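User: Please take a close look at the nonpolar interior of this protein. I should like a connected account of how that part is put together.

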Amino acid sequence: MKDRIFKWLLVAGFLFCFHITDVMTVYANEETLVNVSRQLSKEDIRDDPEADIPDLKGGSENPERERQQPVDLRVLQQRYPDIFFLQGPTDQKRVALTFDDGPDPRFTNDVLDVLNQYNVKATFFMLGSRAVANPKIVKRVQNEGHVIGNHTYSHPNLVEESDLKTLEREVTRTEDALNDIIGYRTKLFRPPYGFLYNELVEKLGEMNYYVIAWSVDSLDWQEDPPEVIASNVLDNIHQEAIILMHDGAESGGDRTNTIESLRQIIPALQEQGYEFVTVPELLNIPFKK
């Protein structure tokens, strides 16, 4: 009898130990999966071309930007000084950071985190299609004190399209989409690739827009190392500069180096005594219609 009880106790103990081991293994595997999920979630969205990232209709900045500009930006500024801007009008030690092609769930939030870290306000020129796909990011940009501008709905090459109706449709559709999210109609416009010609600028003036170009190009769309991007800015900086950067990219693009370069650019310019302001502050113009 004692032998039988002892055998039953051994069997019960074995089964109990097996159950505990199995539970612990499952728990450990689940914990590993959770940790891996946390680590890879951002990588997954960066690798997923379908993750709320409508692509750029006119193609990526590279190679489009390597083509000859149809009209030099400085020429357009001289022809339309009340509409077209490259930089601020005074000699104050101020600069404006600007970002194109967002909101992009892969990169825009990280850009905002860096700007918050250094207490810097910037201007974001957004695509209407991406704003519609990511309204929470648009609201975050607004709520954190940054200014929002119009960068067309689908990022076409407006000069290649060569059609005023295409310009009007792209700009108006984005204006309506942004207004639904942020509650105002922006007066600030930046053309994809910086490509415009006289009639397009004149049409934008009729639509009550200011055209905002730039005087310092980070060339971050080339995806060079952060040190190179930072050097492109710091080596060419001047008072009242408008600095071009990108918080969005095409489906296969990466703005990680842009984000890291900001950690070099911002403190370096602050140490030199530069103040970061938004484009309407730099130019002393309204940004709402």
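Analyst: In this predicted model, the largest nonpolar core comprises 36 residues. Those with the most contacts inside this core are Leu97, Phe99, Leu115, Phe124, Ile237 and Ile243. Two or more residues each are contributed by strand 2 (94-102), helix 4 (108-117), strand 3 (123-126), helix 6 (135-143), helix 8 (164-182), helix 10 (226-234), strand 8 (241-246) and helix 11 (256-271). Helix 11 provides the largest share, 5 residues.

Phe124 illustrates the packing. Leaving aside neighbours within four places in sequence, Phe124 is in contact with Phe99, Thr108, Val111, Leu112, Leu115, Val141, His146, Val147, Ile148, Gly149 and Asp247. A second core, separate from the one above, has 35 residues, among them Phe84, Phe85, Ala96 and Leu188.

Val141, one of the contacts of Phe124, leads to helix 6. The buried residues of this helix are Ile137, Val138 and Val141. They lie on the same side of helix 6 because they cover an arc of only 105° around the axis. Their cover includes helix 4, strand 3, helix 5 (128-133), strand 4 (147-150) and helix 8. On the face turned away from the buried side, helix 6 carries the exposed residues Lys136 and Asn143. Gly145, with a positive phi near 90°, follows helix 6.

A lysine completes the account. Lys203 lies in helix 9 (residues 198-206) and counts as buried because its relative accessibility is 18%, the cut-off being under 20%. Not counting residues up to four places away in sequence, Lys203 touches Leu164, Leu167 and Glu168.

Definitions and conventions: Residues are numbered from 1 along each chain as its sequence is written. This is a predicted model: local features need pLDDT of at least 70, side-chain atom pairs count only at pLDDT 80 or more; totals for chains, interfaces and linings use all residues. Side-chain values use heavy atoms; hydrogens and water are left out. A nonpolar core is a set of buried Ala, Val, Leu, Ile, Met, Phe, Trp, Tyr and Cys residues joined through side-chain atoms within 4.5 Å. Buried means under 20% relative accessible area, exposed over 50%, partly exposed in between (1.4 Å probe, protein chains only). Helices (H or I, at least four residues) and strands (E, at least two) are DSSP runs, numbered from the N terminus. Contact means heavy atoms within 4.5 Å. The arc is that of the directions from the helix axis to the C-beta atoms.
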